[in-house]
Each structure stands twice: as C-alpha cells, then as structure tokens.
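Me: I want to know what stands behind the labels put on this protein. Please take me through them one at a time.

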Amino acid sequence: MALSRGLRCCQRVFSWIPVLIITSVVLWSYYAYVFELCLFTITNSFEKVAYLLVFHICFAMFSWTYWKSIFTPPASPCKKFQLSYSDKQRYEMEERPDAQKQILVEIARKLPISTRAQSGAIRFCDRCQVLKPDRCHHCSVCETCVLKMDHHCPWVNNCVGFSNYKFFLLFLSYSMLYCVFIAATVFQYFIKFWVGELPNGPAKFHVLFLMFVALMFFVSLMFLFGYHCWLVAKNRSTLEAFTAPVFVNGPDKNGFNVGLRRNLRQVFGEERRLWFIPVYTSQGNGHFFPLKNQSESQNPLLASEIWEESDEFHPTWEDGHSEAIKYLGVLYLQLNLL
C-alpha cells in the first residue's frame with residue numbers, strides 16, 4: 001500500500017515536467033525578446049515600443065489560455081448517473097452478466113443516454129461506479145470519468161474535455177500567434193546577425209535560437225491546431241475520430257455532427273464576441289448532446305425543460321470571467337506521448 005502511494009506520488013510529480021519545460025521555454029523567450037532583442041538590439045524607439053506592446057498582448061493571451069487549460073478541472077458525471085444504494089446492491093449481488101446488463105438498461109431508461117459499448121451494452125464504469133453519459137470516458141491518469149473526453153494532454157498535465165476544450169483550442173491558437181509574431185519580427189535581425197551586419201554578443205545567440213524555436217513550435221502547433229479544427233467542424237473528439245461512437249442502430253462517426261455552425265456554437269457558445277476570450281461559454285452541461293438525426297425541438301441543449309442537477313458541472317460566463325484527417329491524429333497523439 002505504501003509503495004503504491006509512493007509510486008503514485010512520484011507519477012504526479014513527474015507529470016509536471018512537460019509543463020515545466022514549456023514554462024521554461026516561454027520564460028526564456030520572454031527574456032530573449034524583451035531584453036536581448038527589443039532593449040539591447042533594436043535602436044528605433046517607435047519600432048521598439050510597437051514590438052513590445054504587441055508582444056505583451058500575445059504573451060498575456062497565451063499565458064491566460066495556458067493557465068486555464070492546466071487548472072480547469074475536468075468535469076465528471078453528476079450524481080444522477082451514479083448507482084443508487086439499492087441499485088448498486090442489486091447489481092453487485094447479481095452474478096449473471098446478462099442480468100447485470102439488464103439492470104443497467106433499466107437504470108439507463110431514466111437517463112439521456114444514446115450511446116452504447118461496442119458489445120451493445122450500456123456503458124458502465126466499474127471504477128467510478130457510474131453509467132457513462134454520451135461521449136464520457138474514464139481517464140486512467142486522472143482516475144475519473146471525464147465528460148466529453150478528448151484526450152489526456154501531458155503538455156497541460158490535464159484531461160482535455162468538456163470543461164476546458166475551448167480553452168485548449170484558444171491555447172493552441174494563441175501559441176501559434178505568439179510564435180508567428182516572434183518569427184516575423186525577429187527575422188530581419190536574424191539575417192543581420194547571420195551575415196555579420198550586427199556585432200557578435202549575447203544577443204546574437206538569443207536571437208538566432210529565438211528564430212529557430214519559434215519556427216519549430218509553429219510547425220508542430222500548425223498540425224495540432226489544424227487537426228482540432230477538423231474535429232470541431234465534424235463535432236468529434238480525438239477518441240471518436242479513431243473509434244466511432246456506437247448507438248442503438250450501430251456505430252456512426254457522424255452521430256453528433258449537427259452542422260458546422262451548430263458544432264461551433266457547442267464549443268464556443270452563442271456570443272461571438274467571447275469566442276476568442278478564455279471564459280466559459282460552451283453550450284450545455286456535458287451530459288448529453290444533440291444527435292445528427294434529432295430535430296431542433298428535441299435538442300437537449302435548447303429544450304425548454306433542461307435536465308439539471310445541483311452539483312453537476314454547469315459554469316457560467318461570470319464564473320470564467322471572474323478568474324480573469326487520420327494522419328494528423330496519429331501525429332498528434334505521438335507528439336503528446338513524447
């Protein structure tokens with residue numbers, strides 16, 4: 001028991017290493033750009049002020065979205081998806097698998113569940129003892145079931161899912177913007193140092209490497225961001241892109257695809273002015289989603305009778321504000337496992 005706890009503690013400590021690597025690179029880039037380039041290399045005052053102003057805007061948005069991606073806890077199923085005491089006793093006392101499946105079917109009839117396991121049975125998590133809502137999966141790293149789980153990302157040391165998927169997308173987009181701005185503004189001084197127009201010094205090393213690092217990260221992020229844009233347009237998660245969700249009538253990779261506009265609104269919300277700000281605006285509560293063949297009047301995200309639970313994940317815009325394609329998929333998962 002003590003050994004298991006020790007290993008788990010070590011795992012939690014080591015899981016922060018990728019975040020520390022990213023943080024260290026970003027802090028070094030801040031020093032290299034602000035001090036070595038803008039303050040020590042650039043002589044034009046107007047150019048210096050303009051670069052510093054735009055850079056700090058990009059840096060602030062990058063830091064904000066990265067923080068939100070890391071520290072927004074993954075949303076888990078609410079109590080209505082947990083087995084009651086009597087149902088749990090009945091399920092555990094039943095030894096026949098078919099009878100256990102029937103018990104889960106009876107319980108699921110009271111819940112908005114449309115998807116099934118590959119075998120056709122109700123999806124049930126033995127570890128969390130909950131019936132899994134649509135698009136919910138168990139994360140072995142976070143040790144909990146995550147609503148609309150996309151993947152566990154080591155670079156943010158968090159599960160990317162319903163609660164923080166918008167923040168993760170904005171993190172990718174502002175990371176790309178940060179890299180593009182650095183590469184575009186550093187380029188002319190990179191050439192001057194390269195050909196010897198500027199004197200050798202500490203700034204040369206920082207500017208040269210700043211250019212290489214910005215381009216390297218931009219290329220990687222371009223693939224990741226492009227892949228996730230495709231996922232949003234199709235209304236799929238990374239897991240669903242590799243294994244199609246199973247419905248009563250069988251697997252359907254486009255089961256949750258309700259059109260580009262509605263797919264975007266599910267992730268970013270109705271107010272377009274808030275789309276590019278890392279505050280929570282996503283539709284719904286993560287427990288159920290409109291289906292491709294479902295009419296708008298039956299859309300659970302828009303229905304007048306909203307299925308609610310007092311302790312379920314349902315943040316508001318004020319809550320967030322107060323805290324002020326397959327190849328790409330394989331490449332994406334490989335990069336995340338590095």
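The turns below go from the overall picture to rings, charges and record entries.

Me: What kind of model is this, and how many helices and strands does it have?

Reply: It is a predicted model. The protein has 11 helices and 9 strands. Of its 338 residues, 46% are buried. About 18,200 Å² is exposed, and carbon and sulfur atoms supply 62% of that area.

Me: How many aromatic pairs are there?

Reply: The count is 26 aromatic pairs. One of them is Y66 with F171.

Me: Why is the pair of Y66 and F171 called stacked?

Reply: Two values decide. The ring centres are 4.8 Å apart, and the limit for a pair is 6.5 Å. The planes differ by 20 degrees. Stacked requires under 30 degrees, so Y66 and F171 are a stacked pair.

Me: What makes this pair a link between distant parts of the chain?

Reply: Y66 is in helix α3, residues 45-71, and F171 is in helix α6, residues 165-195. The two are 105 residues apart.

Me: How do you know whether Y66 and F171 are buried or exposed?

Reply: Y66 has a relative accessible area of 6%. F171 has 8%. Buried means under 20%, so both Y66 and F171 are buried.

Me: Why are F190 and W194 called stacked?

Reply: Their centres lie 5.6 Å apart, with 25 degrees between the planes. Those values are within 6.5 Å and under 30 degrees, so the pair counts as stacked. F190 and W194 both lie in helix α6, 4 residues apart, about one turn of the helix.

Me: Why do F190 and W194 get opposite labels, buried and exposed?

Reply: F190 has 11% relative accessible area, which is under 20%, so F190 is buried. W194 has 58%, which is over 50%, so W194 is exposed.

Me: Which residues do ring pairs link into a cluster?

Reply: Y30, Y33, Y51, F55, F59, F62, Y66, F168, F171, Y178 and F181.

Me: Which rings does R135 lie over?

Reply: The charged end of R135 sits over the ring of F256, 4.4 Å from its centre. R135 also lies over the face of F289, at 5.0 Å from the ring centre. The distance limit is 6 Å, and both values are within it.

Me: What makes E94 and R96 a salt bridge?

Reply: Their closest N and O atoms are 3.0 Å apart. The limit is 4 Å, so E94 and R96 qualify. R96 is exposed at 55%. E94, at 22%, is neither under 20% nor over 50%, so E94 is partly exposed.

Me: Which other salt bridges can you show me?

Reply: The whole structure has 7 salt bridges. Among them is R265 with E270, at 3.5 Å from N to O. Another is R273 with E271, at 2.8 Å. R273 is exposed at 63%, whereas E271 is partly exposed at 38%. Shared partners join D87, R90 and E106 into one salt-bridge network.

Me: Where does UniProt place the "transmembrane region" feature?

Reply: The unreviewed UniProt entry places it at residues 12-33, 49-67, 167-191 and 203-227. In the model, residues 49-67 are 100% helix, with end C-alpha atoms 27 Å apart. Residues 167-191 are also 100% helix, and their end C-alpha atoms are 36 Å apart.

How values were computed. Residues numbered from 1 in each chain as written. Predicted model: local features only at pLDDT ≥ 70, side-chain atom pairs only at ≥ 80, totals over all residues. Heavy atoms only, no water. Buried < 20%, exposed > 50% of the residue type's maximum accessible area, 1.4 Å probe, protein only. Areas by Shrake-Rupley, 256 points an atom, 1.4 Å probe, with all protein chains shown as cover. Phe/Tyr/Trp six-rings, centres within 6.5 Å; stacked < 30°, edge-to-face > 60°. Lys NZ or Arg CZ within 6 Å of the ring centre and 35° of its normal. UniProt positions renumbered as here; feature names shortened; annotations may be inferred. Salt bridge = Lys/Arg side-chain N within 4 Å of Asp/Glu carboxyl O.
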